[in-house]
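Welcome, and thanks for taking a look at this one. Please have the sequence and the 3D view open side by side as you read.

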Amino acid sequence: MWSRRQGRLRPTVCGVEELRRRRREREAALRKARREQQLVSKRLLRNDAPEEAGEGCVAAILGETEVQQFLRQAQRGTEEKEREGALVSLRRGLQHPETQQTFIRLEGSMRTLVGLLTSNQALLQLEAARCLHELSHSEQSTVAEACLPATSYLLTYLSSHSSDFIELCLYTLGNLIVESEAVRRQLLPQGIVPALAACIQSPHVAVLEALGYALSQLLQAEEAPEKIIPSSILASTLPQHMLQMLQPGPKLNPGVAVEFAWCLHYIICSQVSNPLLIGHGALSTLGLLLLDLAGAVQKTEDAGLELLACPVLRCLSNLLTEAAVETVGGQMQLRDERVVAALFILLQFFFQKQPSLLPEGLWLLNNLTANSPSFCTSLLSLDLIEPLLQLLPVSNVVSVMVLTVLCNVAEKGPAYCQRLWPGPLLPALLHTLAFSDTEVVGQSLELLHLLFLYQPEAVQVFLQQSGLQALERHQEEAQLQDRVYALQQTALQG
Amino acid sequence: MQLPPALCARLAAGPGAAEPLPVERDPAAGAAPFRFVARPVRFPREHQFFEDGDVQRHLYLQDVIMQVADVPEKPRVPAFACQVAGCCQVFDALDDYEHHYHTLHGNVCSFCKRAFPSGHLLDAHILEWHDSLFQILSERQDMYQCLVEGCTEKFKTSRDRKDHMVRMHLYPADFRFDKPKKSRSPASAEAPGDSGERSEGEAMEICSEPVAASPAPAGERRIYRHRSVSELFLKPVLNMCSVLRILGCTWAAALLILNSERIPSTICFGQGAARGFKSNKKKTKQC
């Protein structure tokens with residue numbers, strides 16, 4: 001089930017350093033885009049490697065005459081192979097933005113392409129669809145929007161039977177969806193949501209993955225929480241099917257699951273109708289999936305699992321904040337302490353492979369432990385306090401979250417604090433008090449306060465280990481003064 | 001980060017919740033200046049907290065470029081021809097054949113040979129073009145169903161339906177799978193520019209001549225609804241099936257049997273469709 005994912009990064013001719021540099025550049029660009037709320041990514045399916053150096057078959061930019069010629073050949077050629085060949089040449093040319101611009105400026109070109117898309121020659125259809133796909137991938141809005149006349153047909157073909165073709169249509173639609181609100185304003189009345197809901201019954205894994213991709217693009221749209229999710233998505237059978245795709249078992253496909261987990265995340269964090277999802281069993285499905293992930297992490301060295309872990313953690317964390325969790329008995333669904341064990345296994349995995357995801361894992365831990373004496377007890381009985389403390393040096397954000405989780409445990413009373421001391425906690429706190437970050441120190445003070453309150457013996461040891469000096473360092477800090485003073489008083493009186 | 005060795009065992013063991021330790025809060029715990037309150041936190045979609053995970057997700061999306069090596073080579077087989085009557089396409093790869101079959105022969109109207117992308121559209125077509133009962137009923141009630149998936153609106157005429165699809169669903173006015181029913185004589189085109197359209201890779205026409213589907217007297221059409229498979233029909237289907245099975249193509253064989261439902265029992269393969277109709281009415285020649 002969790003077999004090694006096929007390597008999907010292209011092995012280009014350039015070296016590893018070059019790849020790393022490109023990746024860093026792209027990452028920086030993505031961060032910038034996200035901060036500007038312009039995070040748009042498209043997927044490209046291409047069956048031949050276009051720029052292999054030395055092969056000599058680099059696709060050339062096509063001029064207007066050539067484009068016209070290829071279109072005419074494809075449309076009116078006598079030999080089938082000739083027609084197909086013309087479209088293949090066109091498609092290769094369309095890999096270049098210049099050719100794309102030339103194409104869309106040519107009168108009647110899209111009309112011809114759509115005609116070929118709906119023709120009675122199956123292979124012509126496929127090639128025409130591939131041309132359309134190249135166009136849909138363009139970063140230029142004008143090019144992508146030029147594909148609009150084809151959308152009603154792309155949607156119609158989603159209920160056809162050829163899985164390759166459906167897959168291509170779905171990726172093309174996914175690329176178009178993310179292009180602009182104008183495009184979505186056309187696709188929604190054209191029935192994209194019911195078409196996707198019908199298509200989700202397909203047994204083909206490739207189709208499902210493509211569908212998940214298209215759907216995730218739709219749900220990521222800015223207007224989705226108001227205009228798309230409440231009316232279309234939640235009214236359809238999509239949520240139930242999505243959850244089915246996420247159920248662990250022999251049928252679970254990682255590529256498909258990743259897409260639908262992200263879909264679910266976009267729906268849940270829109271906070272439109274989460275009780276409905278809880279009613280469909282989202283919590284227990286996701287909980288079981290988390291267990292499954294932890295099991296997989298232990299078995300394989302696969303670095304692709306965090307792509308699935310991230311949205312699953314987010315979904316669970318956000319769902320746990322719903323009031324319905326208490327009333328609908330949702331908390332019951334998620335009482336299994338294996339969830340805590342699984343989470344820590346994932347935290348360790350993140351620590352080694354993807355530290356940037358530690359905050360998300362700790363977020364779930366916070367939401368699990370905040371109102372649950374049972375989970376807090378599990379932390380103690382499974383000996384997880386020390387591993388938690390080992391995360392403190394990672395970053396300030398992580399430190400604050402670790403300390404928050406510890407506060408969740410400590411605030412439950414003396415029975416809990418007794419298990420926190422003696423032990424590594426106090427030395428760790430003395431260490432974090434030396435941090436300069438105000439939030440870290442502030443959270444440390446909160447934890448100290450709880451510890452002193454419920455476990456007064458700790459005060460003495462605190463004093464012996466130069467605790468007062470550690471506190472003094474922050475006496476002048478506006479946000480910390482009051483609490484520092486209060487603790488100093490407690491320590492001196494104790 | 002070191003995990004206790006018993007943790008993996010706990011994961012592997014059965015479900016269970018820890019018996020919670022007794023909770024006993026002192027009011028002084030939340031007293032000023034201390035302000036900690038244990039509470040679950042929620043983050044809305046645009047929150048900065050999600051930045052790292054989102055960036056990774058998008059890097060993944062952008063990285064997906066299918067490699068030639070990843071896509072398994074199309075298995076090649078000795079060249080074979082499509083066995084459907086009147087179709088002479090030759091293939092040397094099963095994938096190509098699959099796509100061809102689905103596109104051209106998958107949802108074919110037995111009366112006029114038009115192929116449709118889905119069973120849904122084919123059913124609508126048969127109903128509206130070849131069923132005289134439909135014609136009669138449509139005089140009294142709204143029978144033309146909207147073709148968009150998920151829309152249940154019905155209309156009195158196909159014109160009204162088209163208007164609806166254009167206005168409400170933003171479909172193109174010349175949507176290729178919603179041609180208005182042709183009149184008997186092929187010379188009379190409905191709309192200007194109709195014949196002009198035809199030359200642009202006409203949708204799914206297999207017959208070279210436009211076939212006028214002549215309306216038959218009321219009682220007769222019901223024959224086509226009878227789903228049993230007659231002997232005349234079964235034999236060529238089975239021949240085709242064995243060819244396909246030899247090619248290891250059992251799905252296509254199964255498909256053939258399933259799709260046979262669409263084709264009236266009175267139609268037989270390879271022998272000229274016209275023979276099947278038990279009608280004494282004169283028919284235009286089928287190809």
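What follows is a short tour of a predicted model, going from the chain interface to aromatic rings and a few single residues.

## The interface between chains A and B

Let us begin where the two chains meet. The size of an interface is often given as the accessible area lost when the parts come together. For chain A and chain B, the buried area comes to about 10,500 Å², and carbon and sulfur atoms give 57% of that area. Chain A brings 142 residues to the contact, while chain B brings 94 residues.

Charged and polar links also cross this boundary. There are 10 salt bridges across the interface of chain A and chain B. One to look up in your viewer joins A:R34 to B:D54, where the closest N and O atoms are 2.8 Å apart. Counting polar contacts between the two chains, with both residues at pLDDT 80 or more, gives 49 residue pairs. On the side of chain A that touches chain B, helix 21 (residues 338-353) of chain A provides the largest share, with eight residues. Sorted by class, that side of chain A holds 60 nonpolar, 48 polar and 34 charged residues.

## Aromatic rings

Next, the rings. A pair of aromatic rings is described by the distance of the centres and the angle of the planes. Over all chains, the structure holds 17 aromatic pairs. In one of them, A:W262 and A:Y266, the ring centres are 6.0 Å apart and the planes meet at 40°, so this pair is classed as tilted. Both residues belong to helix 15 (residues 254-269) of chain A, where they sit four residues apart, about one turn of the helix. A:W262 and A:Y266 are both buried.

Chain B offers an edge-to-face pair in B:F175 and B:F177, with 5.5 Å from centre to centre and 85° between the planes. Here, too, both B:F175 and B:F177 are buried. These two phenylalanines also take part in a cluster linked by ring pairs, together with A:Y153, A:Y157, A:F165 and B:Y171.

## Two buried residues of chain A

A:E322 is placed in the loop between helix 18 (306-319) and helix 19 (324-327) of chain A. Its relative accessibility is 12%, which is under the 20% cut-off, so A:E322 counts as buried. Leaving out residues up to four places away in sequence, A:E322 touches A:Q271, A:N274, A:P275 and A:I278, as well as B:R42 from chain B.

A:T369 lies in helix 22 (residues 358-369) of chain A. With a relative accessibility of 0%, A:T369 is buried. The side chain of A:T369 reaches the backbone oxygen of A:L365 at 2.7 Å. Beyond residues up to four places away in sequence, A:T369 is in contact with A:F375, A:C376, A:L379, A:V405, A:N408 and A:K412.

## An exposed residue of chain B

Is B:R159, in helix 6 (residues 158-167) of chain B, buried or exposed? The relative accessible area of B:R159 is 57%, over the 50% cut-off, and therefore B:R159 is exposed.

You can also trace a span within chain B from this residue. B:R159 and B:E51 are 108 residues apart along the chain, and their C-alpha atoms are separated by 51 Å.

Definitions and conventions. Residues numbered from 1 in each chain as written. Chains lettered and ligands numbered in written order. Predicted model: local features only at pLDDT ≥ 70, side-chain atom pairs only at ≥ 80, totals over all residues. Heavy atoms only, no water. Buried < 20%, exposed > 50% of the residue type's maximum accessible area, 1.4 Å probe, protein only. Contact = heavy atoms within 4.5 Å. Buried area = accessible area lost by both parts, 1.4 Å probe. Salt bridge = Lys/Arg side-chain N within 4 Å of Asp/Glu carboxyl O. Polar contact = N/O pair within 3.5 Å; in protein donor to acceptor, adjacent residues only side chain to side chain. Nonpolar A, V, L, I, M, F, W, Y, C, P; charged D, E, K, R; others polar. Phe/Tyr/Trp six-rings, centres within 6.5 Å; stacked < 30°, edge-to-face > 60°.
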